[in-house]
Amino acid sequence: VPVNVAGYLLFLSESIHSSSSSKWVKLFVQAQDDVLTLVAKDEGDTDETYSLSSCVLHKLSKEQEVKYGRNYMFAVESVMRKKRLLFAAENQAELTRWIKYLARGAMRTYMPSVDATEVPNRRGSISKMRITQQPDIVVEPVGVGDDEWNDKYQKAMFMDESTLESSVQKGLTISMLVGSFLNAATHITQTIVYEYALPTHLQTVKKLSLLDDNGQTSDEELFYHQGMLFRLSQQPVSEEDISPSDERRRTLAVGDSIQHKIAGHELRCIHWAQQASTAVYRSQCENQDYEHPYPICTPLSCITDLNGFRFFVLAVPPVDDERTLAYGKLGPMSPFVRNDDELREQLKLICRMMNLRVHDVDIGNGLTERIPAGSDFQAHNCSDNRGYLMNLSKTAPP
């Protein structure tokens, strides 16, 4: 590994969260002592320096290079400054020299996978694999707008899979979409965490102001950005917790642990409910008694963890609690809603597939309701002609 590396590279800077309209420029770049320096072109300008220990190194694949119209490309992503620095070398040797040095000091390094059609044989040389009956599969690059995450995910979940080619295409489409969602959620989580202690007006992603059932400011911390809702899973804190006692520290630690488990349990239950819902929908499509089966969906979601912070991330579906709720209740003191018989029958089939037992719950005024899932369970009829299952953390025992 070289002690330092320097030279002229084609350079393009863009924001992590949005594409850039700037042009490529030829710039002198040097890296030494795990610091990357972009030397200013004009005497009056200052050099830009980046600590590699807080940067992520990417070696771009051939497909990504086609997008930018350059060869021998690599990218250095600064998490703290929310910048992606793109570089293009003149040849493969120069690219290798830069990659070897930068990979030593970078926080993480991502390299493109090797072409699946080339594998090393026993002698160490490269031989081509012979692939017969290769499906004609074309997966378009994922480009998702702020309000398109949910719609693209639901359409992908209901893609045709009657043949091998369509099944593989569906799997690749879902994989690319979920991967893009996880990548975007990770970057936004880093922004929220690194700016968490800043005043609100200086934060890139600001906390939502919410009111509880009593009209008071809610202790729940929610953030919204690029069509994603981030819910911080932690014990509510106050100004008195700036210097907490030992007992209060233990209480907060136990509370945070419980909230982390609830978030994890909700994610598992969402995946579980999705599998059951898909099985019910397929069986109804094959049954001639169901002419137009009603799709029941779960939202695209994930969990991100960073420096002790855990966020439950949700691709926001077209849900409006007061208008779209068709089954369940909004809060502990709210009335139980059940105004859609077709949706109710669908839920019974899904919960039966999940091995959940029908039981009675108190709905107020001395009345009970037989429900197939947890009391906090919600089902919504939304404007996109889909049903959505929400609040699934108590669907199954912890």
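Reader: Which residue of E20 stands opposite Tyr327?

Author: Ala379 stands opposite Tyr327. Keep in mind that this is a predicted model.

Reader: How many bridges join strand E16 to strand E20, and do the two strands run parallel or antiparallel?

Author: Look for bridges first, then compare directions. Two bridges join E16 (residues 325–328) to E20 (residues 378–381). The two strands run antiparallel.

Reader: What is the strand order in the sheet that holds this pair?

Author: Read a sheet from one edge across to the other. Here the order is E13-E21-E20-E16-E17. These five strands form an open sheet, and their pairing is mixed.

Reader: Which strands are at its edges?

Author: An edge strand pairs on one side only. Strand E13 (296–297) is one edge, and strand E17 (337–338) is the other.

Reader: Back to Tyr327. Which residues does Tyr327 touch, beyond those up to four places away in sequence?

Author: The list includes Phe336, Val337 and Arg338. Leu347, Phe377 and Ala379 are also among the contacts of Tyr327. So are the charged residues Arg344, Glu369 and Arg370.

Reader: How should I read a nonpolar core?

Author: Start with the general trend. In soluble globular proteins, nonpolar side chains tend to be buried together. Now the case here. The largest nonpolar core has 28 residues. Tyr327, Leu343, Leu347, Phe377, Leu389 and Leu392 touch the most other members.

Reader: Which elements each supply at least two residues of this core?

Author: H5, E15, E16, helix H7 (341–353) and strand E21 (387–390) do. H5 gives the most, with seven residues.

Reader: Where does H5 lie?

Author: Helix H5 covers residues 246–286. H5 lies across E12, E14 and E15, and runs at about 30 degrees to E15.

Reader: In what order do the strands of that other sheet come?

Author: The order is E11-E12-E15-E14. These four strands form an open sheet with antiparallel pairing. Its edges are strand E11 (222–225) and strand E14 (301–306). From one strand to the next, the twist averages 25 degrees.

Reader: How many bridges join E14 to strand E15?

Author: Six bridges join E14 to E15 (residues 309–315). To find the register, pick one facing pair. Cys302 stands opposite Val313 in E15.

Reader: Which strands does helix H4 touch?

Author: Helix H4 (residues 164–194) packs on this sheet and touches E11, strand E12 (228–232), E14 and E15. The direction of H4 makes about 40 degrees with that of E14.

Reader: Is Ser167, in that helix, buried or partly exposed?

Author: Check the relative accessible area. Buried means under 20%, and exposed means over 50%. Ser167 has 30%, so Ser167 is partly exposed. Leaving aside neighbours within four places in sequence, Ser167 is in contact with Asp160 and Glu161.

Reader: Why does Cys55 count as buried?

Author: Apply the cut-off again. Cys55 counts as buried because its relative accessible area is 1%, and buried means under 20%. Cys269 is buried too, at 1%.

Reader: How many disulfides does the structure hold?

Author: Zero.

Reader: What does the overall picture look like?

Author: The protein chain has seven helices and 21 strands. Of its 398 residues, 37% count as buried. The accessible surface comes to about 23900 Å², with 49% belonging to carbon and sulfur atoms. Finally, take contacts between residues at least 6 apart in sequence: 58% of these join residues at least 24 apart.

Terms used:
Residues numbered from 1 in each chain as written. Predicted model: local features only at pLDDT ≥ 70, side-chain atom pairs only at ≥ 80, totals over all residues. Heavy atoms only, no water. Pairing = 2+ DSSP bridges. Axes fitted to C-alpha atoms, helices over the stretch in contact; angles between N-to-C directions. Contact = heavy atoms within 4.5 Å. Core = buried A, V, L, I, M, F, W, Y, C linked by side-chain atoms within 4.5 Å. Buried < 20%, exposed > 50% of the residue type's maximum accessible area, 1.4 Å probe, protein only. Areas by Shrake-Rupley, 256 points an atom, 1.4 Å probe, with all protein chains shown as cover. Disulfide = S-S within 2.5 Å.
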